[in-house]
Structures are given as C-alpha cells and as structure tokens.
Amino acid sequence: MRLKFGAFVLDSGTREVLRDGRPVTLSPKAFRLLEILARERPNAVSKEKLQEELWPDTFVVEGNLSNLVSELRAGLGEDPRSTRVIRTVQRFGYAFSAAVTPEADPQSVSTGVLCRLVWGRREIALDPGENVIGRERGAVVWIDHDLVSRRHARISVAGDVVKIEDLGSKNGTYVGGRRIRKATLLADGDVIRIGPAELTLRVLRRTGTTLSEEEQGAAG
C-alpha cells in the first residue's frame, strides 16, 4: 500500500512515512497504527480492534493507545484541536480522514500487469495502486445502485499481485459466487459481483515495458 495524503506518503513496502520526500520519525507501533487506519478508511476502527492488532494476546491499558495516537499526530504535525488525518470517534475509536491519492510502486509500472474490468460492453482500466468501486462519483468503477455502498470495495494492483477487499459494505462483495471476508487475491477471469453488477477481471502481463504481440491481440 502506497498512499499520498497532503505532503505525506505512506509506504507499507518500505515501512516509511515521507513528508516532502523526507522520512518522518515514528515508532514501529505508531507506523502500524497509521497503516491500520489507512487500510480501513473510510471506516472508523474501534479501540478494541486496534488494541487487538497492535498488541495481540497482550493486555494493555487504554492509555497506551491514546499515547500512540498522540505520537502519531505529533509526527504528522497535527494540531490536537484541529486534526485533519486522525479523527477521534467519541466513545468508539479512531478513523483516517485525510483525502488520499493512491500511488503506484515505481517498479510496478514497468514490471507489473495491465488490468481491466469487463462489465457488459464496457472495459474499465485499473491503475497501479488502489481502485475504488462504489456509488460515489469519484470511484474508478461507478455503480449507481441502492445495493452498492458509497465506497463499496477496492482493487489494489501492485506489480503482479491483484487483490480485492470489501470496505465494510452492507451487501457484501462476491468473488466466484462467494462473499469475501478479507483481502482476496484475484486472477485473470475471476468474476466479481457487487450489487447488480458482474465484473470480469482481465489481466494482461507485460513483457519488459510493452505487451507481447499475443497480448496486444488479446487486448484488441
């Protein structure tokens, strides 16, 4: 996962947060907290779930999480009275609330795959990075239907790896007829169902920086 928000870039691959290209000093736990909240966006994450992921099989007092949130906000230059990235959800937990621009791993652009979703007669290109599917107008795949959540699911493309995850939708995301409960790997030909829409993933593998002749024929 590589996400840009404001002057910052969160890079799960290198385990870094960069501000204007320079590393931000964060403890491993604070980095992990940011990663969890960014992964679960736009949903709020309960304190109980955060504690379970940050300190598995260990009892910790609630103050440990509060201190970690304070460390993260300080590293991001947040004013506690006016937070833009880490939002407190009263009597529940926290949420990542910054506007995000997914970024591709530079290596994935030249060595990865080209992905498309076929929906009826439409073909929708998927960019390296994250591609949101949902009812909001800004979604890469816009499905205007009451059974589809505003931000329903997202497909991540990183190198040769393509994954889909549900974003806490009410009616679920299905792959091959089965409702997914966690991030799920996708392969060429997989059928994804979201609300009334059936989307078929097509994967074209690059050869160096271009498609092979056979692949070009398949793309045409």
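Phe5 and Phe8 are both buried, and they make a good place to begin with this predicted model. Their rings form a stacked aromatic pair, with 5.5 Å from centre to centre and 20° between the planes. A search through the whole structure turns up two aromatic pairs, so let us look at the other one as well. Here Phe5 meets Phe96: the ring centres are 5.2 Å apart and the planes stand at 85°, so this pair is edge-to-face. Phe96 is buried, as is Phe5. Phe5 belongs to strand S1 (residues 2-5) and Phe96 to strand S7 (residues 93-96), so their pairing ties together parts that lie 91 residues apart in sequence. Taken together, Phe5, Phe8 and Phe96 make up one aromatic cluster.

Strand S7 leads us on to a sheet. It is an open sheet of three strands in the order S5-S7-S6, and the pairing is antiparallel. At its edges stand strand S5 (45-46) and strand S6 (86-89); each has a single partner strand, so one side of each is left without a neighbour in the sheet. Between S5 and S7 there are two bridges, in the antiparallel sense, and Val45 stands opposite Tyr94 in S7. Helix H3 packs on this sheet, where it touches S6 and S7, and its direction makes about 150° with that of S6.

H3 is also a good guide to the helices, beginning with H1. The axes of helix H1 (residues 28-40) and H3 come within 9 Å and cross at roughly 85°. Angles of 65 to 115 degrees count as roughly perpendicular, and that crossing therefore makes H1 roughly perpendicular to H3. On the H1 side, the contact is made by Lys29, Ala30, Leu33 and Leu34, while H3 brings Leu65, Leu68, Val69, Glu71 and Leu72. By class, the residues of this contact between H1 and H3 divide into seven nonpolar, no polar and two charged.

Now turn to the other helix that meets H3. Helix H2 (residues 47-54) and helix H3 (residues 62-75) have axes that come within 11 Å and cross at roughly 85°. That crossing makes H2 roughly perpendicular to H3. From H2, the contact draws on Lys47, Leu50, Gln51 and Leu54; from H3, it draws on Glu62, Leu65 and Leu68. Sorted by class, the contact of H2 with H3 has four nonpolar, one polar and two charged residues. If you compare the two lists, you will find Leu65 and Leu68 of H3 in the contact with H1 and in the contact with H2.

Further along the chain, we come to a hairpin. Strand S9 (residues 113-119) and strand S10 (residues 122-126) run antiparallel and are joined by five bridges. Leu117 has Ile124 in S10 as its bridge partner. Two residues lie between the strands of this hairpin, and Gly120 in the turn has a positive phi of about 65°.

The tour ends at another open sheet. Five strands form it in the order S12-S11-S13-S14-S17, with mixed pairing. Strand S12 (141-142) and strand S17 (184-185) are its edge strands, each pairing on one side only. Within the sheet, strand S13 (residues 153-158) and strand S14 (residues 161-166) pair in the antiparallel sense over six bridges. To pick out one position here, look at Val157, whose bridge partner in S14 is Val162.

Key:
Residues numbered from 1 in each chain as written. Predicted model: local features only at pLDDT ≥ 70, side-chain atom pairs only at ≥ 80, totals over all residues. Heavy atoms only, no water. Axes fitted to C-alpha atoms, helices over the stretch in contact; angles between N-to-C directions. Helix = DSSP H or I, 4+ residues; strand = E, 2+ residues; numbered from the N terminus. Parallel < 35°, antiparallel > 145°, perpendicular 65-115°, else oblique. Contact = heavy atoms within 4.5 Å. Nonpolar A, V, L, I, M, F, W, Y, C, P; charged D, E, K, R; others polar. Pairing = 2+ DSSP bridges. Phe/Tyr/Trp six-rings, centres within 6.5 Å; stacked < 30°, edge-to-face > 60°. Buried < 20%, exposed > 50% of the residue type's maximum accessible area, 1.4 Å probe, protein only.
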